[in-house]
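Trainee: Hello! Could we go through this structure together, one question at a time?

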Amino acid sequence: MDKSISEFARHVYLTTKMIPFGCVATYTDIANKMGKPKAVRAIGNALHNNPQMIIIPCHRVVNIQGKLAKNFGFHGADGQKELLEKEGVVVINNQVDLCEYRVKELK
DNA sequence: TATTTGACGATTT
DNA sequence: CAAATCGCCAAAT
């Protein structure tokens with residue numbers, strides 16, 4: 001256990017890991033699940049600082065518009081896009097169809 | 001301790 | 001539709 005990670009960040013990572021294969025979730029969904037719908041920025045920050053970005057499916061996290069992260073830690077939005085398409089998620093213009101892949105209930 | 005920054009969101013121009 | 005602006009939160013400097 002790495003205690004250098006705050007409880008908040010850990011909470012973010014755990015919630016992110018709940019996203020099922022082939023699906024995506026928005027920052028807002030995670031924030032809402034954590035009970036802090038206004039902490040979307042802090043969440044994005046935590047994921048960017050993500051020390052274990054490979055074991056955490058952060059590529060399944062997109063913004064409310066289904067748009068990918070422009071500064072994705074691995075290969076920018078392109079890397080995130082490829083990881084998603086590899087899971088069967090269609091990405092068009094760095095954007096996914098939320099109506100099709102967004103997780104209805106994160107639990 | 002105070003200021004700045006940022007993988008965001010919603011609203012306004 | 002794109003850019004600017006404000007709000008909100010946690011971490012970094």
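Trainee: How far does a polar side-chain atom of Ser6 lie from a phosphate oxygen of DNA strand C?

Mentor: Happy to help! First, this is a predicted model, where local features need pLDDT of at least 70 and side-chain atom pairs pLDDT 80 or more, while totals for chains, interfaces and linings use all residues. Residues are numbered from 1 along each chain, chains are lettered from A and ligands numbered from 1 in the order written, and side-chain values use heavy atoms, without hydrogens and water. A polar contact is a pair of N or O atoms within 3.5 Å. For Ser6 and the phosphate oxygen, the distance is 2.4 Å.

Trainee: Which part of DNA strand C does Arg41 reach with a polar side-chain atom?

Mentor: Lys36 has a side-chain N or O atom 3.0 Å from a phosphate oxygen of the strand. For Arg41 the distance is 2.6 Å, and the partner is a base oxygen.

Trainee: Which helix gives the most to the surface near DNA strand C?

Mentor: Near means that a heavy atom of the residue lies within 4 Å of the strand. Residues around the strand include Lys38, Ala42 and Asn45. Helices are DSSP runs (H or I, at least four residues), numbered from the N terminus. With 3 residues, the top contributor is helix α3 (residues 40-48).

Trainee: Is Thr26 buried or exposed?

Mentor: Thr26 sits in strand β1 (residues 25-26), and a strand is a DSSP run of E with at least two residues. Buried means under 20% relative accessible area, exposed over 50% (1.4 Å probe, protein chains only). Because its relative accessibility is 0%, Thr26 counts as buried.

Conventions
A polar contact is a pair of N or O atoms within 3.5 Å; within protein, one must be able to donate a hydrogen and the other to accept it, and residues adjacent in sequence count only if both atoms are side-chain atoms.
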